[in-house]
Amino acid sequence: MKVTQGEVEERQVTLRIELDDDDLEPYVERGYRQAVGKMRIPGFRPGKAPRQIVEGMMGRESLISESLDFMVTDVIMKAVEDQEIESVGFPQLDNVEFDPVVVEAAVALNPVLDLGDYRSIRVEEDPVDVSDEDVDQELEALQKQQSSWEPVERPVAHDDLITMNVVGTIDDVKIIDETDSQFMVDPSSTLPLPGFAAELEGLEVDTPADFTLDVPEDFADNEIAGKKAEFTVTITDVKQRLLPELDDDFAQSVRDECETLDDLKEQLRENIQDATMRQNEHEYRELAIEELVVNADMEIAPLLIQNEIDQMEARRDEMMKRLGISEDDYNRFTGKTAEQIRDEMHEEAVEKLNRSYAISAFIEQEALEISDDELNDRLKQLAREGDETTGQKLTNKELRSERVKSSVRESLLIEKALDRLVLIAKGQADEESEDDSSGEEDEAEVAAPSTA
């Protein structure tokens with residue numbers, strides 16, 4: 001097998017792989033075994049015809065074609081190994097020739113990444129300040145949850161629950177036709193169109209009303225965006241919300257542990273503070289990662305980006321298949337063209353890869369590792385409590401699985417890296433660690449990405 005490497009451009013290299021007869025023999029044999037079972041040759045039982053007869057009937061090129069997919073992948077992988085190329089991702093097949101047999105492919109190399117002076121990254125923390133207004137809003141939400149409804153004889157008002165018959169058309173085509181439809185009158189609602197709820201206020205029961213709404217130019221359904229929608233509405237019933245009194249009895253009814261309204265307010269304040277702190281911590285971590293990526297100088301092969309886009313498209317296509325919708329339907333629902341969607345995928349792919357490789361480089365720079373004790377503690381936790389997202393607990397078989405151990409170890413390593421990055425961003429990284437890793441910020445190849 002003769003391998004010729006092209007020049008490295010944008011962290012990828014082209015390989016020209018020429019195969020001789022000895023190289024081709026296993027693939028011709030594989031092609032024969034795949035073909036002979038499908039052929040019916042007089043004088044031979046199915047699958048028993050000798051290779052020379054099958055090859056004489058089909059031709060050597062046809063036998064190679066029978067195992068082409070396997071051959072191409074196998075040959076490229078062998079060439080990468082023989083040439084000691086530090087590749088990553090899936091190679092891209094560019095061309096196959098048959099006389100002589102030549103495979104040409106593009107191979108992505110490990111990205112080159114320089115994190116720069118990442119130790120100087122600083123991100124300002126947002127203070128956690130829970131106001132009385134925040135507590136009142138939560139209290140009002142609880143109050144609404146405990147509310148009841150009573151019929152009223154008056155025009156429709158804000159926050160009413162109405163029953164109506166409604167017909168809506170655009171270009172004489174019905175977009176809505178419902179009888180006895182219940183609707184909460186909230187002017188901030190954008191359903192079925194922005195401004196619909198506001199038109200209902202002041203309407204009388206059993207009095208048909210007509211009105212026109214302009215569909216926004218940026219409406220999700222681009223087939224009706226910018227058009228006019230005609231509505232005919234008849235209100236058949238109006239109910240108003242009855243809110244319970246905000247007193248100690250109310251507090252006891254919504255929280256068993258609360259004796260008074262003040263107890264409830266204090267609990268709500270603590271809950272809001274905890275939720276705000278968690279949200280701030282998440283946002284702070286994301287900002288720190290963003291700063292790490294922004295300050296890094298990296299070069300990633302376009303082929304890696306394309307591989308990522310291909311995977312995103314495959315997931316989208318699988319989703320559309322499950323939902324039974326076409327690509328045109330999907331584009332219409334999103335209100336975007338195929339080109340816009342692909343541009344967004346490209347941007348997302350670049351962002352994801354930049355993030356992954358930056359974190360991997362950070363782990364290497366900081367010489368972070370996961371001890372066996374740390375791994376075993378997390379495995380025991382997953383067996384006892386289950387995964388936070390899925391709630392699924394590990395079985396004894398999974399606890400012994402190297403695949404599971406590797407996945408959990410990587411997850412722990414990313415957690416440790418992000419915790420370390422947050423300390424750096426807050427200016428709280430220990431001096432000893434800073435001294436140990438000084439002078440280790442040279443440009444380096446990043447062997448494998450991490451995800452976070």
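Where is the place of Pro 100? Pro 100 sits in the loop between β3 and β4, where helices (H or I, at least four residues) and strands (E, at least two) are DSSP runs, numbered from the N terminus. Before we go on, a word about what you are looking at. This is a predicted model, in which local features need pLDDT of at least 70, side-chain atom pairs count only at pLDDT 80 or more, and totals for chains, interfaces and linings use all residues. Residues are numbered from 1 along each chain as its sequence is written, and side-chain values use heavy atoms, with hydrogens and water left out.

Let us stay with the loops for a moment. Most residues other than glycine have a negative phi, and most peptide bonds are trans. The bond from Asp 99 to Pro 100 is cis, with omega near 0°. A cis peptide bond also joins Leu 191 and Pro 192, with omega about -10°. Pro 192 belongs to the loop between β8 (173-184) and α6 (196-200).

Phi gives us some places to visit as well. Asp 159, in the loop between β6 (148-151) and β7 (161-170), has a positive phi of about 75° although it is not a glycine. Asp 206, in the loop between α6 and β9 (209-214), has a positive phi near 60°. Are these two aspartates buried or exposed? Here buried means under 20% relative accessible area, exposed over 50%, and partly exposed in between (1.4 Å probe, protein chains only). Asp 159 has 19% relative accessibility, so it counts as buried. Asp 206 has 56%, so it counts as exposed.

Now find helix α4 (residues 68-82). The expected span of a helix is 1.5 Å times one less than its number of residues. For the 15 residues of α4 that gives 21 Å, and its end C-alpha atoms are 20 Å apart, which agrees. Buried in this helix are Met 71, Val 72, Val 75, Ile 76, Ala 79 and Val 80. Seen down the axis of α4, its buried residues fall within an arc of 155°, so they line one face of the helix; the arc is that of the directions from the helix axis to the C-beta atoms. Turned away from that buried side is a face of α4 carrying the exposed residues Asp 69 and Glu 81. What do the buried residues of α4 pack against? Their partners include β1 (2-5), β2 (12-19), α1 (21-36), β3 (92-98) and β4 (101-108), where contact means heavy atoms within 4.5 Å. Just after α4, Glu 84 takes a positive phi of about 55°.

Next, follow helix α8 (261-295). It has 35 residues and reaches 50 Å from its first C-alpha to its last, close to the 51 Å expected at 1.5 Å a residue. Its buried residues include Leu 261, Leu 264, Asn 280, Tyr 284 and Val 293. Among the elements that cover the buried residues of α8 are α5 (132-145), α11 (338-365) and α14. Tyr 284 is a good residue to pick out in this helix. With 6% relative accessibility, Tyr 284 counts as buried. Not counting residues up to four places away in sequence, Tyr 284 touches Val 123, Glu 124, Glu 125, Val 422, Ala 425 and Lys 426.

Tyr 284 also leads us to a pocket. On a 1 Å grid over the protein atoms alone, a pocket is an open set of points where a 1.4 Å probe fits, with protein on both sides within 12 Å along at least five of seven lines; lining residues have an atom within 4 Å of a point. Grid points are joined across faces, edges and corners, and a volume is the space filled by probe spheres set on the points. The second largest pocket has a volume of about 330 Å³. Of its 16 lining residues, Asn 280, Glu 281, His 282, Tyr 284 and Lys 426 lie nearest its centre. The largest share of this lining, eight residues, comes from α8.

The largest pocket has a volume of about 730 Å³. Its lining has 23 residues, and those nearest its centre are Arg 378, Leu 382, Asp 387, Glu 388 and Ser 411. Helix α14 gives the most to this lining, with nine residues. By class, the lining of the largest pocket has five nonpolar, seven polar and 11 charged residues. In this count Ala, Val, Leu, Ile, Met, Phe, Trp, Tyr, Cys and Pro are nonpolar, Asp, Glu, Lys and Arg are charged, and the others, Gly among them, are polar.
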